[in-house]
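Let's take a walk through a protein structure together. Have the picture at hand and turn it as you read.

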Amino acid sequence: LSVLERHDLFSHLEDYELTVAVTAMPEAKRLTGEELFSEGDEGNDIFYIVAEGSVELKNPKTGEVKEITRGGTIHDLCLLYPSVSSETATCLSNVTLYTLDRQTYKIILTRSSKKKRTM
């Protein structure tokens, strides 16, 4: 919950809305060496929070490599709009992730804005 509270895409939500988002995020376990997504993938609308382990993000065009560890997020902008992945995400260890898809995020935002308009 604290990761979402600090994240720009969730910081405007009320506590109960954050709780809805957290309960909508299934846990996913991945093994060392497994790819979450590859550069050039289309239609990947999954946002990830790393709960345990680490994931390498590599941009083949720039050569930039980042390691995302506990509490880090991956693929943030996919919640806002469809895009083609510019990076490849590979698990550096066995990882536990929490995931949220774009459609669920938009439902949460829609309910939030409707509720605020009626207040």
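Start at Val84, which sits in the loop between E6 and strand E7 (88-91). Keep in mind that you're looking at a predicted model. Is Val84 buried, partly exposed or exposed? To count as buried, a residue has to be under 20% relative accessible area, and to count as exposed it has to be over 50%. Val84 comes out at 48%, so it counts as partly exposed.

Now, which residues does Val84 meet once you leave aside its neighbours within four places in sequence? The answer is Gly40, Asp41 and Glu42. Take Gly40: it is 44 residues away from Val84 along the chain, yet the C-alpha atoms of the two are separated by 5.5 Å.

Stay in that loop between E6 and E7, because Glu87 is found there too. Glu87 has a relative accessibility of 17%, so it counts as buried. What does Glu87 touch, not counting residues up to four places away in sequence? Its contacts are Phe37, Ser38, Glu39, Leu57, Lys58, Asn59 and Lys66.

His75 is another resident of the loop between E6 and E7. With 17% relative accessibility, His75 counts as buried. There's a little twist in its backbone to look out for: phi of His75 is near 70°, a positive value in a residue other than glycine.

His75 and Glu87 also turn up in the next stop, the largest pocket. Rolling a probe the size of a water molecule over the atoms shows where empty space is left. In this model, the largest pocket holds about 280 Å³ of space. It is lined by 16 residues, and the ones nearest its centre are His75, Asp76, Leu77, Ser86 and Glu87. Which elements give two or more residues to that lining? They are strand E5 (65-68) and strand E6 (73-74). Sorted by class, the lining of the largest pocket has eight nonpolar residues, five polar ones and three charged ones.

Next, move along to Tyr98, in strand E8 (residues 95-101). Tyr98 has 31% relative accessibility, so it counts as partly exposed. Setting aside residues up to four places away in sequence, Tyr98 touches Met25, Pro26, Glu27, Phe47, Tyr48, Ile49 and Ala51. You can also look from Tyr98 to Val22: they are 76 residues apart along the chain, with 8.6 Å between their C-alpha atoms.

Time to zoom out. How many helices and strands does the chain have? There are three helices and eight strands. Follow them from the N terminus and you'll read α-α-β-β-β-β-β-β-β-β-α.

Those long jumps along the chain can be looked at for the whole fold as well. Among contacts between residues at least 6 apart in sequence, 74% join residues at least 24 apart.

What about overall size? The C-alpha trace spans about 50 × 25 × 20 Å along its principal axes. A compact globule of 119 residues would have a radius of gyration near 14 Å, and the chain has 15 Å, which agrees.

Finally, think about inside and outside. Buried residues make up 39% of the 119 residues in the chain, with Glu87 and His75 among them. The accessible surface of the chain comes to about 7000 Å², and 50% of that belongs to carbon and sulfur atoms.

How values were computed: Residues numbered from 1 in each chain as written. Predicted model: local features only at pLDDT ≥ 70, side-chain atom pairs only at ≥ 80, totals over all residues. Heavy atoms only, no water. 1 Å grid on protein atoms, 1.4 Å probe; cavity = no way out; pocket = protein on both sides within 12 Å on 5 of 7 lines; lining within 4 Å. Points joined across faces, edges and corners; volume = space filled by probe spheres on them. Helix = DSSP H or I, 4+ residues; strand = E, 2+ residues; numbered from the N terminus. Nonpolar A, V, L, I, M, F, W, Y, C, P; charged D, E, K, R; others polar. Rg over C-alpha atoms; globule rule 2.2 N^0.38 Å. Buried < 20%, exposed > 50% of the residue type's maximum accessible area, 1.4 Å probe, protein only. Contact = heavy atoms within 4.5 Å. Areas by Shrake-Rupley, 256 points an atom, 1.4 Å probe, with all protein chains shown as cover.
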